[in-house]
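Q: I am new to this structure and would like a close look at a single part of it, with enough of the surroundings to place that part. Could you take me through one helix and what lies around it, step by step?

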Amino acid sequence: MRACKKADDWMHFWDALGQLRNGDEMSNEDATPPSAEPELSSRESLITQDMHERKGIWAGERLSPPISESDIRKWAIATYWPERPPPIYWDADYAKTTRYEGIIAPPDFNPFAWPIERAHPHLRALGARRGGARTRGMNGGQTDTYGVPMRPGDIIRSRTRLRNWEEREGRLGLTLYTYTETEWTNQQSELVRRRISTGIRYRV
Amino acid sequence: MTFNVYFEDVRVGDEIPPWSRKTDFMNWNRYAAVNDEFVPFHMDDEAGRAAKNEQGAFGMGNLRYAYLVNALRDWIGDEAEIRELGCQYRAINQKHDVLTVTGKVTRKEILEGEHRVHLETNVVNQRGEATCPGHAIVVLPTRDPSAPGSREADRAMRDG
């Protein structure tokens with residue numbers, strides 16, 4: 001196994017946009033493809049006053065529509081394609097015999113897909129950085145911690161905050177890594193998922 | 001499926017069964033449909049090339065994340081739990097790539113009454129490129145019937 005570095009920058013850019021299509025985690029205010037030869041950055045910090053003001057403050061709260069059995073089934077079929085997904089995701093009779101006593105959703109299920117409102121106002125709350133030098137953004141990945149599973153009928157509440165950041169010199173110059181936390185809870189206020197997303201920004 | 005593997009049966013260094021998919025529009029379009037992820041460069045070769053990927057359209061990072069979830073689920077069974085999963089996206093999923101999820105046990109622990117197994121994970125393509133390095137924590141059942149989290153304890157709690 002070997003690491004593939006050839007297309008790293010493009011991939012991060014594309015996947016950052018992919019995340020946005022989920023209505024999640026990153027701002028695309030200035031997401032543009034990185035140039036082949038990025039300019040040398042100055043040592044001036046990319047951390048803005050806006051980041052200090054928003055650090056740790058929950059924002060971008062929204063509610064999902066009720067989760068349906070059919071949405072779960074279709075999600076499982078799509079992500080297991082062309083194989084048959086496990087019955088816990090689609091067979092109610094089988095699911096009743098399990099410790100969950102009913103159908104559950106795959107952990108990666110997105111209950112916020114297909115919003116009526118296409119311009120996500122919560123994205124304003126998710127922007128990792130406003131003001132300061134012009135930067136390009138990439139998706140540095142994510143870590144999810146899962147609590148209780150999502151089930152048919154659940155309504156998921158989401159909120160987000162800028163948790164912390166670090167700045168260090170990288171191959172793209174001075175690079176800002178921001179860590180954004182998104183918390184999902186169900187109608188019983190039980191934790192469903194906590195995602196820490198890593199945003200990567202560098203000067204253009 | 002229920003439980004496939006017990007905590008006591010897992011050893012550090014064990015590898016999970018490889019989980020593979022050959023990916024193209026049949027997978028990507030279905031994922032776009034359920035996740036509302038209709039980004040042109042995931043759906044159209046011309047748009048992919050316009051986005052500087054010479055081979056055209058390419059797959060979604062989120063779908064690779066789903067493959068990691070599914071590989072873990074198929075290994076542990078549908079009553080065990082995935083507690084944590086993280087990854088970084090390091091390479092493009094090109095059309096017709098065969099992606100294989102890999103996982104290797106790095107640590108075992110009993111924490112907060114849960115029998116947890118830690119793994120390093122990845123999604124590797126047919127060229128051996130590591131496209132999505134990451135880690136996972138799964139919670140497995142135990143063969144100790146008196147332990148919290150055992151099937152027996154779980155059923156006793158459920159049945160009152």
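**A helix of chain B and its setting**

A: Of the 160 residues that make up chain B, 45% count as buried, and this is the background for the helix described here. The model is a predicted one, with an ipTM of 0.92 and a pTM of 0.85; for chain B the mean pLDDT is 92, and 91% of its residues reach 70 or more.

Chain B contains five helices and six strands, and its elements, read from the N terminus on, follow the order β-α-α-α-α-β-β-β-β-β-α. The C-alpha trace of this chain spans about 60 × 35 × 25 Å along its principal axes. If one takes the contacts in chain B between residues at least 6 apart in sequence, 65% of them join residues at least 24 apart.

The part to look at closely is helix α1 of chain B, which covers residues 25–35 and in which Asn27(B), Trp28(B), Tyr31(B), Val34(B) and Asn35(B) are buried. When α1(B) is viewed down its axis, these buried residues fall within an arc of 135°, and therefore they line one face of the helix. A general point helps in reading this pattern: an α-helix has 3.6 residues a turn, so residues three or four places apart point the same way.

What does this buried set pack against? Within chain B, the partners of the buried residues of α1(B) are β1 (19–22), α2 (40–43) and α4 (61–76), and α3 (69–80) of chain A joins them. Just after α1(B) comes Asp36(B), which takes a positive phi of about 55°.

Since chain A takes part in this packing through α3 (69–80), a look at that chain is useful as well. Its domain assignment gives domain 1 (40–65 + 117–204) and domain 2 (68–104). Four residues from domain 1 of chain A and seven residues from domain 2 of chain A make up the contact between the two, and on the domain 1 side these are three nonpolar, no polar and one charged residues.

Elsewhere in chain A, strand β4 (residues 157–170) and strand β5 (residues 173–185) pair in the antiparallel sense over 13 bridges, with a hairpin of two residues joining them and with Glu167(A) standing opposite Leu176(A) in β5(A). Strand β5(A) also runs antiparallel to strand β6 (residues 191–203) of chain A, to which 11 bridges join it, and here Thr178(A) stands opposite Gly199(A) in β6(A).

Note on methods. Residues numbered from 1 in each chain as written. Chains lettered and ligands numbered in written order. Predicted model: local features only at pLDDT ≥ 70, side-chain atom pairs only at ≥ 80, totals over all residues. Domains from an automatic or database assignment. Nonpolar A, V, L, I, M, F, W, Y, C, P; charged D, E, K, R; others polar. Pairing = 2+ DSSP bridges. Helix = DSSP H or I, 4+ residues; strand = E, 2+ residues; numbered from the N terminus. pLDDT = per-residue confidence, 0-100. Buried ≥ 20, exposed ≤ 12 C-beta atoms within 10 Å, placed from the backbone. Arc of directions from axis to C-beta.
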